[in-house]
Amino acid sequence: MVRGILFIWTCCLLVSGCASRSDTLYVQMGGQQKIDEIVENFVYEIEFNSTILPFFADTDITRFSEKFAEQLCMFADGPCQYSGDTMEQVHGGMNITEAQFNLTVDLFIAAMNKAGVPHRLQNQLLSRMATTREQMLYK
Ligand code: HEM
């Protein structure tokens, strides 16, 4: 009897401690801490990329990190409200080409890889982000 209760208790602990596929993408990824880690890695990747870095020459990186993290959290169905500008407003005037866009996505993937985000979850996040692509290209 005692062993039975112990078994059920252990199972409950295990279940509540592990993210399951019915959890939001945000929870499955590891929550805010993981989002912040990805954003930090992404900024690092940008800093070392001579093609993408010039776009950020006049950018307030603290604001960028905050807004980008909010947006990722929102895409992942986390408990955040995106409070930044629209993608058209932000990227308008940059005339971003497809090659520059794809390179930025590669840097973002590298940031997720470094943070140990499983590829299945990366693909889910990327497909949600892809909806903004047309709002940024050649504007
Ligand atoms: C992968 C898709 C992308 C997403 C989801 C994205 C998202 C964002 C977000 C949320 C912000 C902050 C908005 C705000 O401050 O209100 C931002 C800013 C910025 N993004 Fe993107 N971005 C993407 C691709 C790109 C690309 C391809 C470039 C350039 C090659 C770029 C260059 C910038 C720059 C320079 C800023 C800062 C603008 C400023 O200083 O006000 N982004 N982006």
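1. The iron atom of the ligand receives a single donor from the protein: the NE2 atom of H91, at 2.1 Å. The model under review is predicted, and this distance, like every other value in the note, is computed from that model. Because water is not among the atoms, the site of the metal may look incomplete.

2. H91 itself belongs to helix α5. A second relation links this residue to the ligand, since a polar side-chain atom of H91 is placed 2.9 Å from a nitrogen atom of the ligand. H91 is also listed with F55, T59, R63 and D85 as the residues that come nearest among the 21 around the ligand.

3. Two further polar contacts involve oxygen atoms of the ligand. For T59, a polar side-chain atom lies 2.8 Å from an oxygen atom of the ligand. For D85, the partner is a polar backbone atom, with 2.9 Å between this atom and an oxygen atom of the ligand.

4. Turning to the shell around the ligand, α4, α5 and α6 each contribute at least two residues. The largest share, 5 residues, is supplied by α4. By class, this shell comprises 13 nonpolar, 5 polar and 3 charged residues.

5. Where does the ligand sit? The space that the ligand takes is the largest pocket. This pocket holds about 800 Å³ of space. Its lining is made of 30 residues, of which F56, F64, F68, H91 and M136 are the closest to the centre. H91 therefore deserves attention on two counts, as the donor to the iron atom and as one of the residues closest to the pocket centre.

6. The lining of the largest pocket draws at least two residues from each of four helices, namely α4 (61–75), α5 (87–91), α6 (98–114) and α7 (119–129). Helix α4 provides the largest share of this lining, with 6 residues. In terms of class, the lining divides into 19 nonpolar, 6 polar and 5 charged residues.

Key. Residues are numbered from 1 along each chain as its sequence is written. This is a predicted model: local features need pLDDT of at least 70, side-chain atom pairs count only at pLDDT 80 or more; totals for chains, interfaces and linings use all residues. Side-chain values use heavy atoms; hydrogens and water are left out. On a 1 Å grid over the protein atoms alone, a cavity is a set of points where a 1.4 Å probe fits but cannot get out, and a pocket is an open set with protein on both sides within 12 Å along at least five of seven lines; lining residues have an atom within 4 Å of a point. Grid points are joined across faces, edges and corners, and a volume is the space filled by probe spheres set on the points. Ala, Val, Leu, Ile, Met, Phe, Trp, Tyr, Cys and Pro count as nonpolar, Asp, Glu, Lys and Arg as charged, and the others, Gly among them, as polar. Donors are N, O and S atoms within 2.8 Å of the metal (3.2 Å for Na, K and Ca); water is not among the atoms, so sites may look incomplete. A residue is near a molecule or strand if one of its heavy atoms lies within 4 Å of it. A polar contact is a pair of N or O atoms within 3.5 Å; within protein, one must be able to donate a hydrogen and the other to accept it, and residues adjacent in sequence count only if both atoms are side-chain atoms. A molecule sits in a cavity or pocket if more than half of its atoms lie within 2 Å of its grid points.
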